[in-house]
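Could you walk me through this protein as if I were new to reading structures? I'd like to know what holds its parts together and which pieces sit inside or outside.

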Amino acid sequence: MLDSNIGDTHLDRAGLRRYALGMEQRLPDFAEWAAARHDSYGLGHTPQQVRRTYLTIAERLDRTPAADGLNGAMFRTYTFASLYSEIQYANLARIWQSYQDHGKAPSEAKATVAPSPADNALTVFLAVTCNDVEGPEDVETYRRAVFEDRERYPLYGAASANITPCAYWKYEPSEPSVAISDKGPRNVLILQNWHDPVTPWAGGKLLREQFGQRARLVTANESGHGVYVLGGDACALNLTTSYLVDGTMPAEDTTCRHD
């Protein structure tokens, strides 16, 4: 069973750039939730207004970081990470609300920002990713990608298209990437949520194509990251449980739909 997939057996630049696609597909779910609670959070009466609120805050923080040091890139990253699960919606709405208030605009004095605990996680992420796949060294490759993703994915922007330390990593990949083919046991169950910020549905489709008839793709009509146990789609949960308990594979690719 392969749950919530990036599209291959490793995270390469293509998989990383799909983060932007995932956020573009996922944020409308939060926007709909927030619009229904405009009286509580004041982020917009409609999903379109909520989206505009997000872009306005991000663009303002791009120009002038907040007193606590938060800039546009950090605001986008925090929003992206908060879309993994609906349980994070309320806290995310409060964060937007606080930075939306012009009365809390950045002070003239530069705030002292403590080191972030997230730095360790990001360092490990780079070490693993850069040791898995060799990145292009040509700066022009990244420049083109940045331009493309800014236009295609305004919510996340070019963050995952830009250059990273992997471009000049001094070590070669630790070992060859695991290859996928259509030859082998026909018992691969692929699970993918319809709207997932970090592993969008396109990743599951790509993996399914590589496995060919060895696999079946189950699409859960859910938002967030993680289908089995973490998700609430009864159809997808039941199909997966039958697979794990009895080895039963769906006869064909299945898209679970809510009535």
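Let's start with D253, which is partly exposed because its relative accessible area, 36%, falls between the 20% and 50% cut-offs. Keep in mind as we go that this is a predicted model. D253 has a salt-bridge partner, R208, and the closest N and O atoms of the two are 2.9 Å apart. Look at where each one sits: D253 is in the loop between α9 and β4, while R208 belongs to helix α8, residues 201-211. That puts the partners 45 residues apart, so the pair links distant parts of the chain. R208 has a relative accessibility of 13%, so it counts as buried.

How many salt bridges does a search of the whole structure find? The count is 10, and a couple of others are worth a visit. Take E24 and R51, whose side chains meet with an N to O distance of 2.8 Å. E24 lies in helix α1 and R51 in helix α3, so this salt bridge ties together parts of the chain that are 27 residues apart in sequence. E24 comes out as buried, at 17% relative accessibility, whereas R51 is partly exposed at 28%.

Now hop over to helix α7 for a more local pairing. D149 and R152 form a salt bridge there, and their closest N and O atoms are 2.9 Å apart. The two are three residues apart in this helix, so about one helical turn separates them. Is D149 buried or exposed? At 0% relative accessibility, D149 is buried, but its partner R152 is partly exposed at 46%. This pair also has company: R17 and E148 join D149 and R152 in a network of salt bridges.

Next, let's turn to the nonpolar side chains. In soluble globular proteins, nonpolar side chains tend to be buried together. Here, the largest nonpolar core has 34 residues, and the members that touch the most others are F30, L43, Y54, F75 and W96. Which elements give two or more residues to this core? They are α1 (13-35), α3 (47-63), α4 (72-82) and α5 (89-100). Of these, α1 gives the most, with 11 residues.

Y54 is a nice spot to zoom in on. If you skip its neighbours within four places in sequence, Y54 is in contact with M23, L27, F75, R76, T79, W96 and L155. Two names on that list, F75 and W96, should look familiar, since both are among the core members that touch the most others. There is also a second, separate core made of eight residues, including V218, A220, V227 and C256.

Hold on to C256, as it comes back in the next topic: disulfides. A disulfide is a covalent bond between the sulfur atoms of two cysteines. The model has two disulfides. One of them joins C235 to C256, with 2.0 Å from S to S. C235 is in helix α9 (residues 234-246), and C256 is in the segment after β4 (254-255), so to speak 21 residues along the chain from its partner. C235 is partly exposed, with a relative accessible area of 29%, while C256 is buried at 2%. The torsion about their S-S bond is about -65°, so this disulfide is left-handed.

The other disulfide joins C130 to C166, with 1.9 Å from S to S. Its torsion is about -85°, so this disulfide is left-handed too. C130 is in helix α6 (residues 118-132) and C166 is in the loop between α7 (139-152) and β2 (188-195), which links distant parts of the chain, 36 residues apart. Both of these cysteines are buried. If you number the bonded cysteines in sequence order, the pairing reads 1-2, 3-4.

Finally, let's head to the surface. M1, L244 and V245 form a nonpolar patch there, and together they have about 280 Å² of accessible area. V245 is in helix α9, the helix that also holds C235. With a relative accessibility of 61%, V245 counts as exposed.

Technical notes: Residues are numbered from 1 along each chain as its sequence is written. This is a predicted model: local features need pLDDT of at least 70, side-chain atom pairs count only at pLDDT 80 or more; totals for chains, interfaces and linings use all residues. Side-chain values use heavy atoms; hydrogens and water are left out. A nonpolar core is a set of buried Ala, Val, Leu, Ile, Met, Phe, Trp, Tyr and Cys residues joined through side-chain atoms within 4.5 Å. Buried means under 20% relative accessible area, exposed over 50%, partly exposed in between (1.4 Å probe, protein chains only). Helices (H or I, at least four residues) and strands (E, at least two) are DSSP runs, numbered from the N terminus. Contact means heavy atoms within 4.5 Å. A disulfide is a pair of cysteine sulfur atoms within 2.5 Å. Patches are made of residues with over 30% relative accessible area and no salt bridge: like charges are joined within 9 Å, nonpolar side chains (Val, Leu, Ile, Met, Phe, Trp, Tyr) within 5 Å. Accessible areas come from the Shrake-Rupley method with a 1.4 Å probe; for residues, only the protein chains shown count as cover. A salt bridge is a side-chain nitrogen of Lys or Arg within 4 Å of a carboxyl oxygen of Asp or Glu.
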